[in-house]
Amino acid sequence: MYREFYHLNDYPFRLSPDPRYFLFSERARGVYDQLLYGIQQGVGFMMVTGEVGVGKTSLVRYFIQNLNNNVEYSLIFNPMLGSSEEFLTFILMDFLKNDDPQNRIFFSSDMRKVEMLDILHRFLIDRYQKGKKVLLIIDEAQCLSDLLLEEVRLLSNFEVDNAKLIHLLLVGQSEFKKKIYSPSWKQLRQRIAIKADLIPLKKEEVDSYIRYRLVVAGNQQDLFYSSATKTICRAS
């Protein structure tokens, strides 16, 4: 009902991430630039952390949309997989789905782990020889079991003399950062070259955020007084 009254073409404040509504805060721009730098420079491991609702997934989706054709990526948005085999199966199915059937590397989900790792290695070598970069993004990384997190760490061992064959981006809530900084994960932490935190909007950014989402949804009017945006900022 309120969409018609306010002349809106869409719901401006839906909870699901939508890159159309993504507005760079000062901090988000800095994180985004770090990720671009990381993929351009061939950094093996990157990590973005932040509290629930600060826009991590939206930032990642915007980042993906702006990758050039030289980067092939796989996005794991639900890493609660039961085993290393399931984890590798998901990755291989995603990476290989767009390959030309005539040139596709043979893969079956009932293969042994050593066979899947061999296929992944051959896929990475193929892309490296073609001048492409391969990026694996794991969202909600705090849900990774210790077993799968160790599997992710071992993936960074795929490399040639002068370059990483696979680049990894871990995106998780603040408890994931605490886990990574615990003594038991020191070896993984040392491999993460870019560690970025996404923080909530500043008070002065809330008004621009609300206005921007309303404009994208189709309304050009100022619907909120400044006192209202201040109240929204305090409440959120």
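In these legends, a residue is called buried when its relative accessible area is under 20%, exposed when it is over 50%, and partly exposed in between, using a 1.4 Å probe and protein chains only. The model is predicted, so local features need pLDDT of at least 70 and side-chain atom pairs count only at pLDDT 80 or more, while totals for chains, interfaces and linings use all residues. Residues are numbered from 1 along each chain as its sequence is written, and side-chain values use heavy atoms, leaving out hydrogens and water.

**View 1. Here's the whole chain, with its 10 helices and 7 strands.** Helices (H or I, at least four residues) and strands (E, at least two) are DSSP runs, numbered from the N terminus. Along its principal axes, the C-alpha trace spans about 60 × 45 × 35 Å. The chain has 236 residues, and 42% of them count as buried. Contact means heavy atoms within 4.5 Å. Take the contacts with a separation of 6 or more: 75% of them come from residues 24 or more positions apart. The accessible surface is about 13500 Å², with 51% belonging to carbon and sulfur atoms; such areas come from the Shrake-Rupley method with a 1.4 Å probe, and for residues only the protein chains shown count as cover.

**View 2. Tyr 2, Phe 5, Tyr 6 and Tyr 11 make a nonpolar patch on the surface.** Together these four residues offer about 440 Å² of accessible area. Patches are made of residues with over 30% relative accessible area and no salt bridge, with nonpolar side chains (Val, Leu, Ile, Met, Phe, Trp, Tyr) joined within 5 Å and like charges within 9 Å. Tyr 6 sits in the loop between helix 1 (2-5) and helix 2 (26-40). Its relative accessibility is 34%, so Tyr 6 counts as partly exposed.

**View 3. Two loop residues, His 7 and Glu 140, have a positive phi.** Most residues other than glycine have a negative phi. For His 7, phi is near 60°. His 7 belongs to the loop between helix 1 and helix 2, and it is exposed, at 54% relative accessible area. For Glu 140, phi is near 55°. Glu 140 is in the loop between strand 3 (133-138) and helix 6 (146-155); this residue is partly exposed, at 28%.

**View 4. Ser 58 is tucked into helix 3 (residues 56-65) as a buried residue.** Its relative accessibility is 17%. Leaving aside residues up to four places away in sequence, Ser 58 touches Pro 17, Asp 18 and Phe 22.

**View 5. Helix 9 (residues 203-216) has five names on its buried list: Glu 205, Val 206, Ile 210, Arg 213 and Leu 214.** What covers these residues? The cover includes helix 2 and helix 10 (226-235). After helix 9 comes Gly 218, with a positive phi near 115°.

**View 6. Glu 151 and Lys 113 form a salt bridge, with their closest N and O atoms 2.8 Å apart.** The pair links distant parts of the chain, with Glu 151 in helix 6 and Lys 113 in helix 5 (residues 113-129), 38 residues apart. A salt bridge here is a side-chain nitrogen of Lys or Arg within 4 Å of a carboxyl oxygen of Asp or Glu. Glu 151 is buried, at 5% relative accessibility, whereas Lys 113 is partly exposed, at 28%. The structure holds 18 salt bridges.

**View 7. Asp 118 and Arg 122 meet in a salt bridge along helix 5.** The N to O distance is 3.2 Å. Why is the separation about one helical turn? Because Asp 118 and Arg 122 are 4 residues apart in helix 5. An α-helix has 3.6 residues a turn, so residues three or four places apart point the same way. Both partners are partly exposed: Asp 118 at 39% and Arg 122 at 42%.

**View 8. Arg 127 and Asp 126 pair up in a salt bridge, 2.5 Å from N to O.** Is each partner buried or partly exposed? Arg 127 is buried, with a relative accessible area of 5%, while Asp 126 counts as partly exposed, at 23%.

**View 9. Asp 10, Arg 14, Asp 18 and Arg 20 are joined in a network of salt bridges.** Asp 18 also turns up among the residues that Ser 58 touches.
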